[in-house]
Amino acid sequence: MLTQRETLEIACPLCAKIHRYSMKIEKTIVVGFGSRERQWTFTRLFTCPVKNEDFQALIRIQQGSNERIDNIEIEKKISL
Ligand SMILES: [Zn+2]
C-alpha cells in the first residue's frame, strides 16, 4: 500500500478564511486492475480552528490508472 500526503486549502464556510489541512491517501497499485485515470469527489468533515465547529467540504482526488484508493483521512489543520 502506498501512502501519500497532500495539503488541502479549503475556504471555510463558517468563518470565510482559508484553512490548510493535511490529507493522507492510502492507495494500492493493482496490476491489471484496469481502472483508468479519473477524479473522485468525496465529502469529508473538517474542523474550523477559529470557531471550533465542524463543516463539510468536497475534496477531489486524482486516481491514476491501475490504482485503487483504499482510505482517505484528514489528519490535521496545518495553519489558519
Ligand atoms: Zn474557519
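**Close-ups of a five-strand β protein**

**View 1. Asn 66, a partly exposed loop residue****.** Asn 66 has 15 C-beta neighbours inside 10 Å, so it counts as partly exposed. This is a predicted model, so what you see here is a prediction. You'll find Asn 66 in the loop between S4 and S5. Its phi is positive, at about 60°, even though Asn 66 isn't a glycine. For context, most residues other than glycine have a negative phi.

**View 2. The whole chain, before we zoom in again.** There are 5 strands and 0 helices here, so reading from the N terminus you simply get β-β-β-β-β. The C-alpha trace spans about 45 × 20 × 15 Å along its principal axes. Not much is tucked away: buried residues make up 4% of the 80 residues. Take the contacts between residues at least 6 apart in sequence, and 64% of them join residues at least 24 apart. As for confidence, the mean pLDDT is 89, with 95% of residues at 70 or more. Among the elements, strand S2 (residues 18-29) has the highest mean pLDDT, 93, while strand S5 (residues 67-79) has the lowest, 82.

**View 3. The S1–S2 hairpin and its turn****.** Strand S1 (residues 2-11) pairs with S2 in the antiparallel sense, over 10 bridges. To get your bearings on the ladder, look for Thr 3, whose bridge partner in S2 is Glu 26. The hairpin leaves 6 residues between S1 and S2. Ala 16 sits in that loop, and here's another residue other than glycine with a positive phi, this one near 65°. With just 8 C-beta neighbours inside 10 Å, Ala 16 counts as exposed because the cut-off for that is 12 or fewer.

**View 4. The S3–S4 hairpin****.** Strand S3 (residues 38-48) and S4 run antiparallel, and 11 bridges join them. Cys 48 has Glu 53 as its bridge partner in S4. Between S3 and S4 there are 4 residues, and the turn includes Asn 52, with a positive phi of about 60°. How many of the 11 residues of S3 are buried? The number is 1, so S3 lies largely in the open.

**View 5. Phe 55 and its contacts****.** Phe 55 belongs to strand S4 (residues 53-63). Which residues is Phe 55 in contact with, leaving aside its neighbours within four places in sequence? They are Cys 12, Pro 13, Leu 14, Phe 46 and Cys 48. Cys 12 is worth picking out: it lies 43 residues from Phe 55 in sequence, yet their C-alpha atoms are 7.9 Å apart. Phe 55 has 16 C-beta neighbours inside 10 Å, so it counts as partly exposed; a buried residue would need 20 or more.

**View 6. Ile 69 and the residues around it****.** Now we're in strand S5, where Ile 69 lies. Not counting residues up to four places away in sequence, Ile 69 touches Ile 25, Lys 27, Trp 40, Ile 61 and Gln 63. The pair to look at is Ile 69 and Lys 27, which are 42 residues apart in sequence but 4.3 Å apart in space, C-alpha to C-alpha. Buried or partly exposed: how does Ile 69 count? With 17 C-beta neighbours inside 10 Å, Ile 69 counts as partly exposed. Keep in mind that S5 is the element with the lowest mean pLDDT, 82.

Notes
Residues numbered from 1 in each chain as written. Predicted model: local features only at pLDDT ≥ 70, side-chain atom pairs only at ≥ 80, totals over all residues. pLDDT = per-residue confidence, 0-100. Helix = DSSP H or I, 4+ residues; strand = E, 2+ residues; numbered from the N terminus. Pairing = 2+ DSSP bridges. Contact = placed C-beta atoms within 7 Å.
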